[in-house]
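Here is a short tour of one chain, written for someone who likes distances and angles. Have the viewer open and follow along.

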Amino acid sequence: QLQLVESGGGLVMPGGSLRLSCATSGRTLRSFPNIAIGWFRQAPGKEREGVSCISRSGDISHYADSVKDRFTVSRDNAKNTVWLQLNNLKPEDTGVYYCAAQFQGFGCTREESAYPYWGQGTQVTVSS
């Protein structure tokens, strides 16, 4: 089984920063270099939206327009971890952030339907 665990969420003021991580667990650790990772978020009362994604190699990444130039996705396959750096946070960034994994594809997508494996999410709250 492939399991993903998000961490790094918390409460920050507008303009602050957080660094979220997504790591695999169990025996799927060795599969990490073969998976593309997507980041999604869901605010209360809103649909889940694709925030960012990164390809298996780390050479390709995409961002939602709402977070472009503020968020940065990266990965370190040696550490079996994908990171999402959140800078200049705004209240509208508040929500539960999820990472998700797929084994197919050479690039990545922010479309939710493409990802069969999901973590449980980590809460990000941006408030004064």
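Leaving aside residues up to four places away in sequence, glutamine 85 touches Ser17, Leu18, Arg19, Arg70, Phe71 and Thr72. The model you are looking at is predicted, so please read every value below as computed from that model. Glutamine 85 itself is found in strand 8. Is this residue, glutamine 85, buried or exposed? Its relative accessible area is 18%, and because buried means under 20%, glutamine 85 counts as buried.

Two of the neighbours of glutamine 85 also meet it through polar atoms. The side chains of glutamine 85 and arginine 19 are joined by a polar contact of 2.9 Å. In addition, a polar atom of the glutamine 85 side chain lies 3.5 Å from the backbone oxygen of leucine 18.

**Elsewhere on strand 8, and the loop before it**

Threonine 81 is found in strand 8 too. With a relative accessible area of 8%, threonine 81 is buried. A polar atom of its side chain lies 2.9 Å from the backbone oxygen of lysine 79.

Alanine 78 lies in the loop between strand 7 (71–76) and strand 8 (81–86). Its relative accessibility of 72% makes alanine 78 exposed, because the exposed class takes in values over 50%. If you would like a ruler for the fold, try alanine 78 and glycine 38: they are 40 residues apart in sequence, and 19 Å separates their C-alpha atoms in space.

**The disulfides**

How many disulfides does a search of the whole structure find? There are 2, and their geometry is set out here.

| Disulfide | S to S distance | Angle about the S-S bond | Handedness |
|---|---|---|---|
| Cysteine 22 – cysteine 99 | 2.1 Å | 75° | right-handed |
| Cysteine 53 – cysteine 108 | 2.1 Å | 65° | right-handed |

The link of cysteine 22 and cysteine 99 connects distant parts of the chain: cysteine 22 is in strand 3 (residues 18–25) and cysteine 99 in strand 9, 77 residues apart. Both cysteine 22 and cysteine 99 are buried.

As for the other disulfide, cysteine 53 lies in strand 5 (residues 49–54) and cysteine 108 in the loop between strand 9 and strand 10, so this pair ties together parts that are 55 residues apart in sequence. Cysteine 53 and cysteine 108 are both buried as well. Counting bonded cysteines along the chain, the disulfides follow the pattern 1-3, 2-4.

**The aromatic cluster**

Now to the rings. A pair of aromatic rings is described by the distance of the centres and the angle of the planes. A search of the whole structure finds 4 aromatic pairs. One of them joins phenylalanine 40 and tyrosine 115, whose ring centres are 5.4 Å apart and whose planes meet at 75°, so the pair is edge-to-face. Phenylalanine 40 lies in strand 4 (residues 36–42), while tyrosine 115 lies in the loop between strand 9 (95–102) and strand 10 (117–118), so the pair ties together parts that are 75 residues apart in sequence. Both phenylalanine 40 and tyrosine 115 are buried.

Phenylalanine 40 has another ring partner in tryptophan 118. Here the centres are 4.8 Å apart and the planes stand at 40°, so the pair of phenylalanine 40 and tryptophan 118 is tilted. This pair, too, links distant parts of the chain, with phenylalanine 40 in strand 4 and tryptophan 118 in strand 10, 78 residues apart.

Accessibility is worth a look for these partners. Phenylalanine 40 counts as buried at 1% relative accessibility, whereas tryptophan 118 is partly exposed, with a relative accessible area of 22%.

Which residues do the ring pairs link into a cluster? They are Phe40, Tyr98, Tyr115 and Trp118.

Where does the charged end of arginine 48 sit? It is found over the ring of tyrosine 98, 4.6 Å from the ring centre. Arginine 48 also lies over the face of tryptophan 118, at 4.7 Å from the ring centre. In your viewer, then, arginine 48 can be followed to tyrosine 98 and to tryptophan 118, and both of these aromatic residues belong to the cluster that includes phenylalanine 40.

Notes. Residues numbered from 1 in each chain as written. Predicted model: local features only at pLDDT ≥ 70, side-chain atom pairs only at ≥ 80, totals over all residues. Heavy atoms only, no water. Helix = DSSP H or I, 4+ residues; strand = E, 2+ residues; numbered from the N terminus. Buried < 20%, exposed > 50% of the residue type's maximum accessible area, 1.4 Å probe, protein only. Phe/Tyr/Trp six-rings, centres within 6.5 Å; stacked < 30°, edge-to-face > 60°. Lys NZ or Arg CZ within 6 Å of the ring centre and 35° of its normal. Disulfide = S-S within 2.5 Å. Polar contact = N/O pair within 3.5 Å; in protein donor to acceptor, adjacent residues only side chain to side chain. Contact = heavy atoms within 4.5 Å.
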